Amino acid sequence: MPEGDTVWNTARALHRALAGGQLTANDFRVPQLATVDLTGAVVLESTARGKHLLLRFRAPADGQPLTLHSHLRMDGAWRAYAPGERWAARPAHTIRAVLRTSDAVAVGYHLHDLALVPTAEEAALVGHLGPDLLGPDWDPAEAVRRLAAEPNRSIAEALLDQTNLAGIGNLYKSELLFLRGVSPWTPVRDVPDLPGMVALAHRLLMANRGRWTQSTTGSLHRGRTSYVYGRRSEPCRRCGATILKRDQGERVTYWCPACQPGRD
């Protein structure tokens, strides 16, 4: 599932493939954009905001800056291909957008909230997000303030709330709480050193920025990249206790009951 670093990597890959190029064709397979023709638009940049991807263009007719916004959520993805290369990432029926230049083809799969807006109006789509862990607006003090504003909420749910800080998904939530020794069900008010947790979240995502293999253990070897995430019923790497997995809200949580005591 895409997390902040995955979306950042995706945005960078699209930027390398498309930036500076002129669209020769596009195909939007969603009703609200089905008739939009961006042929001749110049791709200015591709960037990420949390789990949102923003492709910015200069419109062909009047030069107006436009932004194609897409939310990757749990299953969305963009892939860049060379002209004539087979599109092999996902089944064809999941394609929502195709952008072509003379040098590349960008294909968006399972995209959500696809919208085309004037770049000046991007805030209407992403302005609600908290500080971006991988963005130039990263502000740890503001992230702590937002997390602490709901003291009775479980820390796991608070970390996943993108209006608090943008970029954390199930993987980083579970790994971060393990590394801090905090039960996922701990109320925010009882979390020791909330600034330290926010700082570690930033370090984890920054460490994985620029590579597709996500690791919180320091190892890039298959099966050794996480402490608890994806390791249900396996022994804890720290104490040997059995890793547990359980639904929490609408998401799943992995944790070590010995290293992270306190589940209600």
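**Terms and values in this model**

User: What makes I155 count as being in contact with L177, V182 and others?
Analyst: Leaving aside neighbours within four places in sequence, I155 is in contact (heavy atoms within 4.5 Å) with L177, V182, S183, P184, T186, V188, V191, L194 and M197. This is a predicted model, in which local features need pLDDT of at least 70 and side-chain atom pairs count only at pLDDT 80 or more, while totals for chains, interfaces and linings use all residues. Residues are numbered from 1 along each chain as its sequence is written, and side-chain values use heavy atoms, with hydrogens and water left out.

User: Why is the set of residues with I155 and L159 called a nonpolar core?
Analyst: Because its members are buried Ala, Val, Leu, Ile, Met, Phe, Trp, Tyr or Cys joined through side-chain atoms within 4.5 Å. The largest such core has 27 residues, and I155, L159, L165, I168, L176 and M197 touch the most other members. Two or more residues each come from α3 (140–148), α4, α5 (170–180) and α6 (194–208). α6 gives the most, seven residues. Another core lies apart from it, with 26 residues, including L14, F28, V30 and A59.

User: How do you know that α5 is mostly covered?
Analyst: Nine of the 11 residues of α5 are buried, that is, under 20% relative accessible area with a 1.4 Å probe and protein chains only. The buried residues are N170, L171, Y172, K173, S174, E175, L176, L177 and F178. Their cover includes α1 (4–18), α4, α6 and β10. After α5 comes G181, with a positive phi near 70°.

User: What makes α5 a helix and β9 a strand?
Analyst: Both are DSSP runs, numbered from the N terminus: H or I over at least four residues for a helix, E over at least two for a strand.

User: Why are β9 and β10 said to pair?
Analyst: Pairing takes at least two bridges found by DSSP, and β9 (residues 244–248) and β10 have five, in the antiparallel sense, so they pair. Q248 stands opposite R251 in β10. The two strands form a hairpin with two residues between them, and G249 in the turn has a positive phi of about 65°.

User: How do you know which residues give the largest pocket its lining?
Analyst: A pocket is an open set of points on a 1 Å grid over the protein atoms alone where a 1.4 Å probe fits, with protein on both sides within 12 Å along at least five of seven lines; lining residues have an atom within 4 Å of a point. For the largest pocket there are 21 lining residues, with L160, D161, Q162, E250 and R251 nearest its centre. α4 (155–160) and β10 (251–255) each supply at least two, and α4 gives the largest share, three.

Notes:
Buried means under 20% relative accessible area, exposed over 50%, partly exposed in between (1.4 Å probe, protein chains only).
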